[in-house]
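Colleague: I am new to reading models like this one, and I would like a close look at a single part, the surroundings of the ligand. Could you take me through that part slowly and then place it in the wider assembly?

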Amino acid sequence: MLIHDQSRPGRRANVLAPSHTPEPSDIPQALRRRARPRLPEVSELQVVRHYTRLSQQNFSIDTHFYPLGSCTMKYNPRVCNSLAALPGFAERHPLAPVEHGQGVLACLHDLQEILKAVTGMSAVSLAPAAGAQGELTGVAMIRAYHLARGDHARTEMLIPDAAHGTNPASAVMCGYQAREIPTGPDGDVDVEALRAAVGPQTAGIMLTNPSTVGVFDRNIEEIARIVHDAGGLLYYDGANLNAILGKVRPGDMGFDVIHMNLHKTFSTPHGGGGPGAGPVGVSARVAPYLPVPLVEREGDDYRWLTEADRPETIGRMTAFGGNMGILLRAYVYARMLGREGMARVADFATLNANYLMARLQQAGFELAYPERRASHEFIVTLKREAKEYGVTAMDFAKRLLDYGFHAPTTYFPLLVPECLLIEPTETETQESLDGFVEAMIAIRREAQEDPEKLKGAPYTMPRRRLDDVRAARQLDLAWTPQQADGGGDGQ
Amino acid sequence: MPFIPHTDDDVAAMLQAIGAPSIESLFDEIPAALRSGERAEIPPALSEQEITRLMRLRAQTDEQPACFIGAGAYDHYIPAAVWQIATRGEYYSAYTPYQAEASQGTLQVLYEFQSMMTALTALDASNTSLYDGATALAEALLMAVRANRRCKSRRVLIPRALHPLYRSTVRTIVEPQGLELVEVDFDAASGQTPVERCTALAGDQGVAAVVINQPNFFGVLETVDALTDWAHEQGALAVAVVNPLALALLTPPGEWGAAGADIACGEAQPFGMPLSSGGPYAGFLCCKQALVRQLPGRIVGRTLDADGKPGFTLTLQAREQHIRRSKATSNICTNQGLMVTAATIHLALLGAEGLEQVARACHANTLGLVERLCALPGVEPAFTGAIFHEQALRLPRAPREVLGRLAAEADVLGGFALGADYPELDDALLVCATEQRSEEEMRRYASALAEILEAG
Ligand SMILES: Cc1ncc(COP(=O)(O)O)c(C=O)c1O
C-alpha cells in the first residue's frame, strides 16, 4: 500500500514547532497556490512503520551477498557515515566563509592528495558527483586540451565495444562521435583494429582497465603508444579501480585523465542508486582544465580555488562543488586503509574473484575467458544452459534471489551472450562465496529437471516477476487523487 | 585487517582451489614494469577509534554560527525519523533497483517520491533525481531543446537573476552541445525579469526554451504567468526552476499562464537534506506527459507481477545509457537515490500542511529580519518586488567587511555578498531567515549590525 493510501484528512505527525504566522498577504494573490498539493496526511508512527517495512523488501549489502559486477558492492563501514554526519560537517552552509570550514577543507585536501598518490596523477578535482559525471568532466577536459592547442580536427572518441553505456553517452554529451573498437577473443582490446581506427580525427580513447569483461588489458602500454602517437589522449574509466588499487596506477599506465567511483572503490554507500562521487585525476598537461572548486593548502590554512584562480577551467559540475558528505565518507575509509591497506583491497578482491571463478568452472559453468585470470570480477556465460534447457541468464538471476543472493550483473557487457558479470569484493567470506556456488549448482539442476520453474522465479520475494512490458506500455508513474477516489489498485 | 575477513587458513585453501601459489601470482598478467609499490605520501592506517578522534576535532572547528545565508541551500529542521530510517542498511547499502523483485522497498519509495513531486509541481511525470538543482536545469534545457522540434534554434533565454552558480554549471554542461545561452537582465528597481527584456532577445531563429525562476536568486517573485505565456507564444518551452518548498505557497509550474510550464526542475535539498557544505543534495525534474520519453534519469512505474499483484519496476529504460548508449537522453547512471529516500520520508512526515507551515514561517522570519535591519540608517531593500524567503539589502558599508565583523563579533553568518556576481549590487547582501532562526538570533544580528554601522 502506498503512503498516500493511508492518508486521512487532518491526520499528521507533529514534528514542527507550533507557529502562528499570519497570512503571507504581501504575496500577490495571482502568484498564490489555490489548492494544497495532495501529499499524504499520516501520523509519525505510520511513516516510521511504512518506510521501515518497505526497507525490509530490499536486498542490500547489509543483508545479502550482492555480487553485482562492475558495481563493487563491498561493506560500507558504519563509522564513515556517523563521522560524516557530525554536526560540524552536516550543518555547514556551502557558502559559509572558509574560516568556518577548515575542518572539512582539510579532509578534502587530504583526500585529493591520497587519490593523487594512489592513482599516479598529478592533480585531482573532487567536483564530479558520480562516475558518469566524472566521464563528462574528463572528456570535456580532453576537448579543452585539444581546442587550446588550436586543434579543431578531433571529432571522434574511441570506445571499446565492451565499455559501459555511460562512456559513449558522455562522449556524445561533449560533442564527440563515439567510435567503437572491437574486443579480441581473449578479452583484450583488438590492437590492430585500434591501429586502423586512430588518426588526426581521434580525440582520445576511453578505457576501463581491468575492463568490463573482467580482465587486465595486457597491451595497455601498446594502446597508450598508439593513441598518443596519433595525438589523442587516454581516458581511464575508474569503475574497476578496486581490482588494482595500490598495485598499478593509471598514471603509470599512460592515462592522461581518469575518474574514480568513490561509491565503489572507496566504499561509500550506493544508497539505492546514489549518491556517489566521481573525482577526476589528470596528468600535468591537462591540469589547467580541471573543474572548480579545488582545495588548496597555504601553510596551515585551506581555501577554495575558483574560476578567478583557474582561468582555463572547464567550469563547474554542480552548484556547490560536489557531494561533500560522500567525499568525507571516502576520506574516513581511505585513512582507515592507510598506505598499507590500499593494495590489500586489490589482493583480496582478486583472490575472492579468482576463487569464485575457479569453483564455478570446476562445477561445470562456462567462463567467457577461461584462459585468463579474473581481475576483481569475471564473466560466466550461460549460453549452453540457454540452448540445452531453454532458460536465460535472467531466469538464473531471478532464481538466485530465491536462494538469498542478489543477482550478478546480467546482459552487460553486451558482447557476451547470456552473461553474468560476477564481482564478489574483498569483504565477503569464503563461506558466502561457497554458498553462492552451491546455489548456482542447485539452480542448474532445476534448469535441467524443471526449466519452467526457473522461468517462473522468483517465488519468495515480496513480488513475483514484474511485467516490464506493461510498465512501459501502460505508464503509471505517479499516484493521483483520482486513484484514491476510484479505489485505485493499491493492494 | 580492516573489513577483510580472511584468515591465513582461508587464503591457503582458496589459493589451492585456484591452483595458484600466492595472491601475488594472480596479478601476473599485469606488465611487471607498471607495478607500483606502497606510496609514502599516503599516511599509515588509523583504527576506527583514531579516525573518530581526528574527525571529531575537525568537525568541531567547523561548528556554525547562526546562519542567515540562503542562496540556494537552506537550513531547515529535519525530523529525527528521516535519517534514522534512511540510513537503515536496506536503503543505505542497496544499489540501483535493477532486480525489481528484490528492490520493492527502494522502488516504492521512488514511486512515492515521483507522486509527491508531481503533486507539488502540478505536472504529470517526475524522474527519481539528478545530481543537484543546477545539473537538473542543465538536463532540463538539453531535454527542452531535443523535444522542441518546431524550433530550429538552440537558443535558450536564461534570467540573469538566476543563481550565478547554476548559470555557470549549466554553461559547463550544455555548451559543448551547441546550446546558446542568452542572459535576460532583471529590472533594477523591482528585481524581476520583465517580459519586454525577453522580447528584445528572441532572435531571428526563435527561442527553443525560456528559463523561469520562482523565486529568483534575489528571493523576488517573478511574473511567471506572463513569462510562460510569452514563451509559448514564441514556440519555446517554458522551463521552471523552483524552490520546491515555496510551492507550498506559490502557484505550481503546471498551472503557470494559460498552458502551464512544460518542465520544472530545482533543488530538493530543502526536503530533509543537511547543508553539508554543498552536497549530497538532489536535483528534481518533472514534465508534462508528452515529454516523458525525453526525460533523463531513472523512472519508476507501477505494474503487475506474475500473480497480478501491483508492484514497481524501473521503466522507459530505452531512454537510458545502458540501453541506448550514444543515443541516450543523458549519461546519468548513479543518481542521488538516498537523498530522495530522505526527501520522501520528510515530505510524508510534514504533509502539505506542515510544508506550508515551514514555508510561511520562513517567509515571516525573513520579513521580520528585514524589518529589523531596515530600521537601521542606510539599510534598505535593494528591490521592490515581493519575496518568498530571501531579500537583497543595500548597506551603507562594504558588505564583505560587515560580514567579517558580524561573524567575528556576533557569531552570525550575515548573508551572501552579491557584488562579486553582480557589480551593480556591490553594496548589497542577500539575507535569509529560515524557520530555524530564533528571535534571539535575529535580535543579535540586528544589534550587531547597528553597532558595526554606528562605529562607522
Ligand atoms: C564501467 C563503468 N563505467 C562507468 C560507470 C558509471 O558510474 P556512475 O554510475 O557512478 O555514474 C559504471 C557504473 O555504474 C561502470 O560500471
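Modeller: Let us begin with the shell of residues around the ligand, where the largest share, three residues, is given by helix α5 of chain A, a helix that covers residues 131–148. Please keep in mind as you read that this is a predicted model. The ligand itself is placed between chains A and B, and of the 16 residues around the ligand, those that come nearest are A:S70, A:A132, A:D237, A:K264 and B:T334. If you sort the residues of this shell by class, you find five nonpolar, eight polar and three charged.

It helps next to look at single atoms, taking the oxygen atoms of the ligand as the point of reference. On the side of chain A, a backbone N or O atom of A:G131 lies 2.7 Å from an oxygen atom of the ligand, and a polar side-chain atom of A:H263 also lies 2.7 Å from an oxygen atom of the ligand. From chain B, a polar side-chain atom of B:T334 is found 2.5 Å from an oxygen atom of the ligand. As for how much of the ligand is covered, the ligand taken alone exposes 390 Å², and the protein buries 99% of that.

Since the ligand lies between chains A and B, the contact of the two chains deserves a careful look as well. This contact takes 194 residues from chain A and 185 residues from chain B, and between them the two chains bury about 16,500 Å², with 61% of that area on carbon and sulfur atoms. Within chain B, the residues that lose the most area to chain A are B:F3, B:E101 and B:R325, which together make up 5% of what that side buries.

Charged and polar pairs also cross from one chain to the other. Side chains of opposite charge can pair when their charged atoms come close. Between chain B and chain A the count is eleven salt bridges, and B:E255 and A:R34 offer an example that you can find in the structure, their side chains meeting in a salt bridge with an N to O distance of 3.6 Å. Across this interface there are also 98 residue pairs in polar contact, where both residues have pLDDT 80 or more. On the side of chain B that touches chain A, helix α11 of chain B (residues 337–374) gives the most, with 22 residues, and by class that side has 99 nonpolar, 54 polar and 32 charged residues.

Salt bridges can also be followed beyond the interface, and over all chains the count comes to 59. Within chain A, the side chains of A:E426 and A:K74 meet in a salt bridge of 2.8 Å, N to O. Because A:E426 lies in the loop between β13 (419–422) and α13 (430–449) of chain A, while A:K74 lies in the loop between α1 (44–55) and α2 (78–84) of chain A, the pair ties together parts that are 352 residues apart in sequence.

Finally, a few places in the backbone are worth your attention. Most residues other than glycine have a negative phi, and most peptide bonds are trans. In chain A, however, a cis peptide bond with omega about 5° joins A:V292 and A:P293, and A:P293 lies in the loop between β7 (280–282) and β8 (294–298) of that chain. In chain B, a cis peptide bond with omega about 0° joins B:G279 and B:P280, and B:P280 has its place in the loop between β7 (263–267) and β8 (283–287) of chain B. B:S277 lies in the loop between β7 and β8 of chain B, and its phi is near 55°, a positive value in a residue other than glycine.

Conventions: Residues are numbered from 1 along each chain as its sequence is written. Chains are lettered from A and ligands numbered from 1 in the order in which they are written. This is a predicted model: local features need pLDDT of at least 70, side-chain atom pairs count only at pLDDT 80 or more; totals for chains, interfaces and linings use all residues. Side-chain values use heavy atoms; hydrogens and water are left out. A residue is near a molecule or strand if one of its heavy atoms lies within 4 Å of it. A polar contact is a pair of N or O atoms within 3.5 Å; within protein, one must be able to donate a hydrogen and the other to accept it, and residues adjacent in sequence count only if both atoms are side-chain atoms. Accessible areas come from the Shrake-Rupley method with a 1.4 Å probe; for residues, only the protein chains shown count as cover. Helices (H or I, at least four residues) and strands (E, at least two) are DSSP runs, numbered from the N terminus. Ala, Val, Leu, Ile, Met, Phe, Trp, Tyr, Cys and Pro count as nonpolar, Asp, Glu, Lys and Arg as charged, and the others, Gly among them, as polar. Contact means heavy atoms within 4.5 Å. Buried area is the accessible area (1.4 Å probe) that two parts lose on being put together, summed over both. A salt bridge is a side-chain nitrogen of Lys or Arg within 4 Å of a carboxyl oxygen of Asp or Glu.
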